[in-house]
Amino acid sequence: MKTTLIASLFALTLSLMGFSHAAEQAHKIPDAPPEYLAKTNPLADTTDEALLKRANRLFRGKCVKCHGEEGDGKGPRAESLIIKPAAFGSPGYLNGRKDGQLFWIISFGSPGTDMPAHGPGTDINLSEEEIWSIITYLRRNLTR
Ligand code: HEC
């Protein structure tokens, strides 16, 4: 009992000092509800260069810090996260995900993890079009 208390105080002190070695935890990634899984990307075939450029900028500005440039899940912020960013650039990952799943999690986040909600009305407040354009960007550039 006493030992447990001392051990947790010790762990607390270490973590306050920035020496937290909390073990990495498994992904949560809930499945999107069926009405989202049924959605398809209206911008999948877009040739709008300005939109694609903006999607690239949004990806760099909002996603790379956690997910990494190549989608390997190793952006600069990833190290401090207990539940790691999804490595959606890894082989087969994006092909194994429906547009609606990606749209849902980018819009609403993954509760209990650091994956933020980006949709309309959130702090980040991307429009639905911006989110679909990011999905187009991911599919065209990070599908392996
Ligand atoms: C602060 C860090 C952080 C930022 C910023 C972030 N993510 Fe994530 N993301 C995560 C984490 C952590 C997970 C894993 C969540 C889980 O395990 O439930 C995740 C999961 C995901 C997934 C997996 C969904 C699935 O069904 O497999 C996708 C796709 C994704 N993020 C896309 C994005 C995009 C696109 C952006 C930028 C618009 C972004 N994320 C910004 C941390 C982040």
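**View 1. Helix H5 is largely enclosed by the rest of the structure.** In this predicted model, nine of the ten residues of H5 are buried, so the helix sits largely enclosed. You can pick out the buried residues by name: Asp99, Gly100, Gln101, Leu102, Phe103, Trp104, Ile105, Ile106 and Ser107. They pack against helix H2 (34-37) and H6. Follow the chain just past H5 and you meet glycine 109, whose phi is positive, at about 75 degrees.

**View 2. Helices H5 and H6 cross each other.** Here the two helix axes come within 10 Å, crossing at roughly 125 degrees. H5 and H6 are therefore oblique to each other, and their crossing is right-handed. On the H5 side, the contact is made by Asp99, Leu102, Phe103, Ile106 and Ser107. H6 contributes Glu128, Ile131, Trp132, Ile135 and Arg139.

**View 3. His67 and Met115 coordinate the iron atom of the ligand.** Look for NE2 of His67 and SD of Met115, at 2.0 to 2.1 Å from the iron. Six donor atoms surround the iron atom of the ligand, and the angles they subtend run from 87 to 178 degrees, which makes the arrangement octahedral. The pair links distant parts of the chain, 48 residues apart: histidine 67 belongs to helix H4 (residues 64-67), while methionine 115 lies in the loop between helix H5 (99-108) and helix H6 (128-142).

**View 4. A closer look at the two iron-coordinating residues, His67 and Met115.** Histidine 67 counts as buried because its relative accessibility is 10%. Methionine 115, at 22% relative accessibility, counts as partly exposed.

Definitions and conventions:
Residues numbered from 1 in each chain as written. Predicted model: local features only at pLDDT ≥ 70, side-chain atom pairs only at ≥ 80, totals over all residues. Heavy atoms only, no water. Donors = N, O, S within 2.8 Å, 3.2 Å for Na, K, Ca; no water. Tetrahedral: all angles 85-135°; square planar, octahedral: opposite > 155°, others 65-115°. Helix = DSSP H or I, 4+ residues; strand = E, 2+ residues; numbered from the N terminus. Buried < 20%, exposed > 50% of the residue type's maximum accessible area, 1.4 Å probe, protein only. Contact = heavy atoms within 4.5 Å. Axes fitted to C-alpha atoms, helices over the stretch in contact; angles between N-to-C directions. Parallel < 35°, antiparallel > 145°, perpendicular 65-115°, else oblique. Left-handed = near helix turned anticlockwise from the far one by under 90°.
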